[in-house]
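Colleague: Could you give me a close look at the charged side chains in this one, and then set them in their surroundings?

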Amino acid sequence: SSGINAEWPLRLGICALIRYIMKLRRTLHEKTLLKSYAMSHSSILESSALLALRHTTRDHPEGEMESSEDVGQIMVLLMKMIGARRVLEIGTFTGVATLKIAENLPKDGKIVSLDIDEGFVNIGRPFFEEAGVSDKIEVKIEKATTSLQGMVDEGGAGSFDLAFIDADKYNYPLYYEYCLKLVRAGGIIIFDNSMFSRKLPWNTHKEPFSCIHEVNERAKKEPGVSSVLLTIGDGALIIWKHS
């Protein structure tokens, strides 16, 4: 009898663990269904060149850095809403977002994309050519802060309609400062990975989480801007610079 009683805590613990696992599986299944439903009811149209570049990028060892389709679609909708002609991108990687933007710019539109690794960018160049948008894309290979400061020094303040940032998270506060200068009044600034692997709410005092959190906080309080932090992808912070 005492042996049976001793087994009860273990049995209860196992039952609780099984219930937790089943609940977790249901939650994951529901999230997958919701994501699938949302994507199937979004008008995401991508060229064969862009789809091929996505496939190539996903096979890359660093493929998780690719920007997601839903974030890309929101960016394109915002571009069209404000009539964007000049876009600044910080963090090219293989150029998935670069190509998405270029394909949705008008004929005389331009995207200036910044990256420090030409090897990554070279993966995307053949796809830019295939899509026929290479003339819309200017890539600067150097530290992003160097390029950004150069643009400010050359009188580029207010010269961009939209900025998309998906680069090293430690410099997010600096990129925020530069984009406030370089994006015109009425323009849009979008930060990707603004939830950073869904770990941000529990790590706001550790780098690089604290750097992302700083931008999220500043965008909420900054005079002259309005923001919304969306949970799509890995989190997308959308900022409207209204003055």
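Modeller: First, a term: a residue is buried under 20% relative accessible area, exposed over 50% and partly exposed in between (1.4 Å probe, protein chains only). This is a predicted model, so local features need pLDDT of at least 70 and side-chain atom pairs pLDDT 80 or more, while totals for chains, interfaces and linings use all residues. Numbering starts from 1 along each chain as its sequence is written, and side-chain values use heavy atoms, without hydrogens or water.

Let's start with the charged pairs. The whole structure holds 14 salt bridges, each a Lys or Arg side-chain nitrogen within 4 Å of an Asp or Glu carboxyl oxygen.

Take R218 and E222, whose side chains meet in a salt bridge with N to O at 3.5 Å. R218 has a relative accessible area of 24%, so it is partly exposed. Its partner E222, at 22%, is partly exposed as well.

There's also a network to look at: salt bridges with shared partners join E46, R54, R58, E66, E69 and K100. One pair to pick out of that network is R54 with E66, where N and O are 2.6 Å apart. R54 sits in helix α2 (residues 48-58), while E66 is in the loop between α2 and α3 (69-82), so their bridge ties together parts that are 12 residues apart in sequence. (Helices, H or I with at least four residues, and strands, E with at least two, are DSSP runs numbered from the N terminus.) Both partners are covered: R54 is buried because its relative accessible area is 2%, and E66 counts as buried at 14%.

Now compare that with K220 and E217, whose closest N and O atoms are 3.8 Å apart in their salt bridge. These two share helix α8 (residues 209-221) and sit 3 residues apart, about one turn of the helix. In general, an α-helix has 3.6 residues a turn, so residues three or four places apart point the same way. K220 is exposed because its relative accessible area reaches 57%, whereas E217, at 27%, is partly exposed.

As for the surroundings, there's an open sheet of 7 strands with mixed pairing, in the order β3-β2-β1-β4-β5-β7-β6; strands pair if DSSP finds at least two bridges between them. At the edges are β3 (137-141) and β6 (225-230), each with a single partner strand, so each has one side left without a neighbour in the sheet. From one strand to the next, the twist averages 15°. Strands β1 (residues 86-90) and β2 (residues 110-115) run parallel, joined by 5 bridges, and I90 stands opposite L114 of β2.

Helices lie against this sheet too. Helix α4 (residues 96-103) lies across β1, β2, β3 and β4 (160-165), at about 170° to β2. (Axes are lines fitted to C-alpha atoms, for helices over the stretch in contact, with angles from 0 to 180 degrees between N-to-C directions.) Helix α7 (residues 172-182) packs on the sheet as well, touching β1, β4, β5 (183-192), β6 and β7 (236-241), and makes about 155° with the direction of β5; contact here means heavy atoms within 4.5 Å. Helix α7 is mostly covered, with 8 of its 11 residues buried. Those are Y172, P173, Y175, Y176, Y178, C179, L180 and L182.
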